[in-house]
Amino acid sequence: MSEQRSGSGAPSGQRNVVIVGAGMAGVQTAVALREQGFTGAVTLLGAEPHQPYDRPPLSKAVLLGKAEGSAFDVDFEALGVSLELGREVTGLRPGDHELDTAEGPVPYDVLVVATGAEPVQLPGGAGAAPGVHLLRTLDDAELLRPVLAEQHDVVVVGAGWIGAEFATAAREAGCRVTVVEAAERPLAGALPAEIAAPMATWYADAGAQLRTHARVQRIEPGVVVLDDGTRLPAGAVVVGIGARPATRWLAGSGIELGAHREVLADEGLRTSVPDVYAVGDCSSFPSGRYGQRLMVHHWDNALQGPRTVAANIVGVTPAVYDPVPYFWSEQFGRFVQYAGHHEGADATVWRGDPAGAAWSVCWLRDGALVAVLAVGKPRDLAQGRKLIQSGAPLDPRLLADPARPLKSAVA
Ligand code: FAD
């Protein structure tokens, strides 16, 4: 175990680190602190009553009853981490180095904000109508299990990642599924039109009806009414229209927030307030690699970011967070993976036929790979991820040949 000195001059082992949010980012921060030799007190405060758990299985195995839960395999006691569940933090007073909770104040020397994100609700109170569900927490997934088991007619609002995964599970369970999307295509906020176009056909192939350019006007008992007057029977409605950082509790704290209420962290994941870090879905960071601020709402970011936070709490040399972002999605029998960030790319190269089972798309900028989307092609993803990291120039003609390994396109 190391016992280094922090920037403030206090021995790191005597400092008291408090982490708010016991999701992936919070738990991994606690684990990384111990892995990196931090010997001081570590307290993890989580609003949910459940043992900390992983979210991706919620829209997959947990929803279908193939897995009971998805609790992290972490022995908090053995790590010397004090885990306080069902403890919501309501405020931060940086001047006093204290957090507020209903049970009283919690002092900290170093604070890590890891409160994740909360799903966006339908406007006008429609989200509170009976039979309307969100899918963010274990409790949400448990409420949705009987909906699938009883094979209700389901209307899914939003054809994003969560909507597609829920629709997949609901079809597998034998539900009649209609997906309502306000934009002209699925994943409109995430992928360019020509890339998402082949994905739109996956819905029909799986027996789900996708209605684009369709907006929910209101929800009546058992019916979703669209703004063109269409009435869709709905034993249940699942809303998947995005998520926003869960940072309302930081109001008045002086911590700088961005346009989406995300904590604006620096390249070392420090916030605008001394001794306070932010990591995971609740924050954004400046990417040196992509020359812009990134807010990443994916699992790998909540795994990698904590290592930088822990290194900066423990270490003497400042650590910089500049990842190649990565995520995956399992939808309609396909394994979809993405690495990098395609905004600012100047060329797109397809590898394979998007009507087929396995294909990928590469985005280049100045001849180097900046992002890759792989459908059923994990090797393309793995090789592409390394090439993005290295910035090696590629030959687009070699790259376009799906029979050649992606890495053989290095010019
Ligand atoms: P969270 O997981 O949201 O955890 C934050 C925790 O903080 C929560 O438990 C919350 O209750 C707690 N909290 C919030 N406010 C307070 C407060 N004031 N006081 C105390 N505690 C508080 N990503 C992928 O890459 N691939 C996938 O296939 C994938 N599938 C997903 C499926 C679902 C259903 C969901 C919801 C997400 C999925 N993701 C996936 C995204 C991934 O799970 C998230 O990016 C990841 O969970 C973010 O971790 P986090 O710790 O930052 O936030």
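**Between two domains: the ligand and T29**

Visitor: What makes you say where the ligand lies relative to domain 1 and domain 2?
Guide: Domain 1 (12-118 + 243-314) and domain 2 (121-239) both give residues to the shell around the ligand, so the ligand lies between them. The domain bounds come from an automatic or database domain assignment. Do keep in mind that this is a predicted model, where local features need pLDDT of at least 70, side-chain atom pairs count only at pLDDT 80 or more, and totals for chains, interfaces and linings use all residues. Residues are numbered from 1 along each chain as its sequence is written, and side-chain values use heavy atoms, with hydrogens and water left out.

Visitor: Why is T29 called buried or exposed?
Guide: Buried means under 20% relative accessible area, exposed over 50%, and partly exposed in between (1.4 Å probe, protein chains only). T29 has 0% relative accessibility, so T29 counts as buried.

Visitor: How do you know which residues T29 is in contact with?
Guide: Contact means heavy atoms within 4.5 Å. Leaving aside neighbours within four places in sequence, T29 is in contact with I19, V112, V279, P306 and V309. T29 and V112 are 83 residues apart in sequence, yet 8.2 Å apart in space, C-alpha to C-alpha.

Visitor: What makes the pair of K60 and the ligand a polar contact?
Guide: A polar contact is a pair of N or O atoms within 3.5 Å; within protein, one must be able to donate a hydrogen and the other to accept it, and residues adjacent in sequence count only if both atoms are side-chain atoms. A polar side-chain atom of K60 lies 2.7 Å from an oxygen atom of the ligand, so the pair falls within the cut-off.
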